[in-house]
Amino acid sequence: QRPGDIETDEAIIFGYQVALLLEEISNSSKGKRPYVAHFHEWLSAVGLIVVKRRKINVATIFTTHATLLGRYLAAGRVDLYSCLPYINSDSEAGTRGIYQRHWIEVGATRGSDVFTTVSEITGYESQYLLGRKPDIITPNGLNLTRFTALHEFQNLHQVNKKRINEFVKGHFYGNFTFDLDKTLYFFTAGRREYFNKGVDLFIEALAQLNHLLKQDGTDITVVAFIIMPGNTSNYNVESIRGQSVRREIRETCDKVSKNAAERLFESIMQGKVPDVKNLLSQEDLVNIK
């Protein structure tokens with residue numbers, strides 16, 4: 001036990017509560033139906049361990065998305081996958097102050113009825129750091145075609161692409177010289193772990209892509225988003241100003257276009273051929289300026 005490790009203390013408390021709940025559910029059915037409990041990551045793993053120790057009649061599945069020790073090693077710039085067969089997991093966990101957390105994860109991995117990981121590479125990691133190969137790989141991701149009609153997905157894509165376009169117009173106000181129809185949006189998102197989440201590779205890849213785009217003289221623009229929580233000292237004033245100007249221009253254009261549409265309508269109703277020069281009034285031109 002590591003004094004002051006509040007996160008582990010809370011994981012233990014939560015785990016026992018889950019196990020007691022499962023025990024009540026199992027006892028209430030008196031063996032009439034089978035139960036399966038699925039635990040994800042080390043924070044939930046104590047529940048699985050307690051279920052096994054108390055011999056509660058519940059089948060268990062444990063899934064790890066990435067081993068805890070593996071995260072720490074990768075964050076420390078260790079060439080993890082080259083060194084895996086030679087790593088002393090207990091020693092490394094102790095050195096990094098996560099021995100108790102590591103063994104909670106190990107206990108759930110080895111004690112579960114079925115052990116799964118979300119990728120083959122995580123399975124390889126688990127084999128050496130947790131001492132068990134996964135029984136099955138359950139890949140990460142969402143099967144959109146299974147739950148969403150294609151046309152609905154396309155409509156959602158169009159709506160959200162328009163929102164991103166509006167944001168980009170405001171964010172790059174003053175430097176907005178590229179064509180949005182020839183713009184690609186890339187993004188990466190996750191916890192603020194620069195190396196674990198591959199942000200370093202993402203930025204390096206963007207730099208190489210930028211070099212190639214310049215070399216080819218293409219008119220394609222790439223806008224990249226890195227979406228991660230982090231501490232901030234203040235709002236980005238320039239970005240807020242750009243969004244404010246964008247909204248103001250949008251409101252002005254909507255007002256001017258409405259006025260022009262009204263003049264166009266009146267001219268046609270009078271049987272006249274509309275004169276494009278007269279569609280904008282002096283007031284409209286002043287507002288645009």
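Mentor: The radius of gyration is taken over C-alpha atoms, with a globule rule of 2.2 Å times the number of residues to the power 0.38. This is a predicted model, where local features need pLDDT of at least 70 and side-chain atom pairs pLDDT 80 or more, while totals use all residues. Residues are numbered from 1 along each chain, and side-chain values use heavy atoms, without hydrogens and water.

Trainee: What radius of gyration does the protein have?

Mentor: The C-alpha atoms fill a box of roughly 90 × 50 × 35 Å along the principal axes. A compact globule of 289 residues would come near 19 Å, but the protein has 29 Å.

Trainee: Is phenylalanine 225 buried, partly exposed or exposed?

Mentor: Its relative accessible area is 21%. Buried means under 20%, exposed over 50% and partly exposed in between (1.4 Å probe, protein chains only). Phenylalanine 225 therefore counts as partly exposed.

Trainee: Among the 6 aromatic pairs, how are the rings of phenylalanine 167 and phenylalanine 225 arranged?

Mentor: Rings of Phe, Tyr and Trp (its six-membered ring) pair with centres within 6.5 Å; planes under 30 degrees apart are stacked, over 60 edge-to-face and the rest tilted. Here the centres lie 6.2 Å apart and the planes stand at 45°, so the pair is tilted.

Trainee: Which arrangement do phenylalanine 172 and phenylalanine 178 adopt?

Mentor: Phenylalanine 172 is partly exposed at 29% relative accessibility, whereas phenylalanine 178 is buried at 16%. Their ring centres are 5.7 Å apart with 80° between the planes, and the pair is edge-to-face.

Trainee: Which residue joins Phe167 and Phe225 in one aromatic cluster?

Mentor: Phenylalanine 167 is itself partly exposed, at 36% relative accessibility. The cluster holds Phe167, Phe225 and Tyr185.
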